[in-house]
Amino acid sequence: MLWYKSWLDTRWRFLIGLTLLMFSAAGVVLAYPRVIKLLPLVPTADDGGELGRRIREAAELMRDYRGYVFAQWFRQNLLQMWTIFAVLLGSGGLLAQGSGGGVLFTLSMPATRNRLLGVRAAAGLAELLALAFVPTLLLPLLSPAVGESYGVGDALIHGACLFGAGSVFFSLAFLLSTSYDDLWRPLLITLAAAVVLALCGQVFRQLSRYSVFTVMSGETYFRTGHLPWLGLLASLTASAAMLYFATVNLARRDF
Amino acid sequence: MADSFVIETADLRKQYGDVEALRGLSLQVPAGSICGFLGRNGAGKTTTIKVLLGMARPTSGSAVVFGLPADEQKASVDIRRRTGFVSDEKDLYDSMNVEEMIRFTAPFFPRWRGDLEQRYLRRFELPPDRKVKALSRGMRTKLALLLALCRGAELLILDEPTSGLDPAMTEEALQALVTHVAGEEMTVFFSSHQIAEVDQIADHVAIIDRGRVVLAGALDDLRENFRRIQLVFDGDAPDAAFRGTGVARVRRKGRVLTVLASARAEAILDEARALNPVSVDVVPVTLKEIFLETVSAED
């Protein structure tokens, strides 16, 4: 029943995320023919500065469909929206049930705090997994509609990179939620951390290959065909550590 | 000896930052009793209950329920499996309806009483499809009681179960509780600052003040042992110091000396008569007076 409770607590965040991401995935695929028509205009764009460099790089990637999907979906739409929903799903939980939300009722159940937290984390991660894979698997399904094809294997590997590395944002929000009684502080702090990390990757280009967002996008796999094992391992280790500290934090809390 | 008490705490202390919520609380609740836990607001009642249920960890001292240490995670799960609980705020899940709350709670308790569930649903007139957040305060209390009573629990811990209820609803809730307990072998430990309701349903009482139990025992014994001895003198009352145990409080005002005896009233009376008062009155004391005298004695 704790699973059911976790589902009730997070279902709207999950369903809204799933709907938005699926629409976005469909939009990316269906917009491809129009994007192709616009590509010849790109060289006329202002080529000075970081923005011009990024436009040229994106245009270069989009010359084939796989590159287009990577640039538009895995490196942009999915990456940004999924991160936001990872933070949303990680925020809240046991403490944030707040007044009238049943925290004492939950604690009066014959279940250890580790179990309460474990179920909440597992349910959130399962929802995140679905958010990473379900919209992504729409790509191979819809691509024939625009006369293209996209490999299921590619979709799964990019989804795995996104989930494996991006779970750090879920875990950070989850950890903070065991310290703060409200939904908003874990949410805002983790989003702020994500924005700072993203900006660091933009400003310090030489550091961008170490960025969690680079690992999440599966750029290494896209360019070399190899999985970013080191980045994934580091992210998963950080995630596991944060989830562990969340249990330690909750175990010592008084209610 | 330990088996005859469902709840036992010894020198229990709980500190929140600079605030000492419990200051050496020692308490024993006999099995099968209905024990009222009386105290002023902020006396430490809710903190005690939270410690007993593993929601707060004691700073020092021991809290044992069913012979199990309340501060150990595994033991605490066992304690909660055998305990029904209603919190002060009637904490429930606002997003669920009545039926969902019941379906959520029941699987946690192997001894869940489906027969009682149906009975209380009818008796409390709880609409199964109504969201918890749409329930009135009274209905919410009834649902919280249903969820506690149907657990097949050996111990009920109720934190201010009737707070915020009107007198009619309070009476209904108390009657439901008394009827339920009469038909089951269970212990009830309920906190309150409503002396009348403790007087109405409890057979034992523990009075807590500033984090310590200042008086505890069977209610009948307290009523039997507590006496107010009023002495009137023809001049100013003497500044008498009574020897021996049983003197809870001595008040001197003009010609009147009032002694509150918590035990040995006869012996104290003999001692009082030796002061040659003009008149001596011995009157029984109500629970309210005992509470007020005990608590104010601490001021």
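Me: Is A:Asp181 buried, exposed or partly exposed?
Reply: Keep in mind that this is a predicted model. The relative accessibility of A:Asp181 comes out at 43%. Exposed would take over 50% and buried under 20%, so A:Asp181 counts as partly exposed.

Me: Which residue does A:Asp181 pair with in a salt bridge?
Reply: A:Asp181 sits in the loop between helix H7 (152–177) and helix H8 (184–203) of chain A. Its partner lies in the segment after helix H11 (229–251) of chain A, so the pair ties together parts that are 72 residues apart in sequence. The closest N and O atoms are 3.2 Å apart, and the partner is A:Arg253.

Me: In chain B, which residue forms a salt bridge with B:Arg113?
Reply: B:Arg113 is in the loop between H3 and helix H4 (114–123) of chain B, and its partner is 71 residues away, in the loop between helix H6 (167–183) and strand E8 (187–192). B:Arg113 has a relative accessible area of 24%, and the partner has 26%, so both are partly exposed. With the closest N and O atoms 3.1 Å apart, that partner is B:Glu184.

Me: What is the N to O distance in the salt bridge that joins chain B and chain A?
Reply: The count between the two chains is one salt bridge, while the structure holds 28 over all chains. The side chains that meet here are those of A:Asp254 and B:Lys14, and the distance, N to O, is 2.4 Å.

Me: How much area do chain B and chain A bury between them?
Reply: On the contact side, 29 residues of chain B touch 27 residues of chain A. Carbon and sulfur atoms hold 59% of the buried area. The total is about 2,600 Å².

Me: Which element gives the largest share of the side of chain B that touches chain A?
Reply: There are 15 residue pairs in polar contact between the chains. Strand E1 (5–16), H2, H3 and helix H5 (137–149) of chain B each supply at least two residues of that side. The largest share is five residues, and it comes from H3(B).

Me: Is B:Thr105 buried or exposed?
Reply: B:Thr105 is found in helix H3 (residues 98–105) of chain B. Leaving aside neighbours within four places in sequence, its contacts include A:Phe105 and A:Met109 from chain A, plus B:Trp112 and B:Leu147. Its relative accessibility is 0%, so B:Thr105 counts as buried.

Terms used
Residues numbered from 1 in each chain as written. Chains lettered and ligands numbered in written order. Predicted model: local features only at pLDDT ≥ 70, side-chain atom pairs only at ≥ 80, totals over all residues. Heavy atoms only, no water. Helix = DSSP H or I, 4+ residues; strand = E, 2+ residues; numbered from the N terminus. Buried < 20%, exposed > 50% of the residue type's maximum accessible area, 1.4 Å probe, protein only. Contact = heavy atoms within 4.5 Å. Buried area = accessible area lost by both parts, 1.4 Å probe. Salt bridge = Lys/Arg side-chain N within 4 Å of Asp/Glu carboxyl O. Polar contact = N/O pair within 3.5 Å; in protein donor to acceptor, adjacent residues only side chain to side chain.
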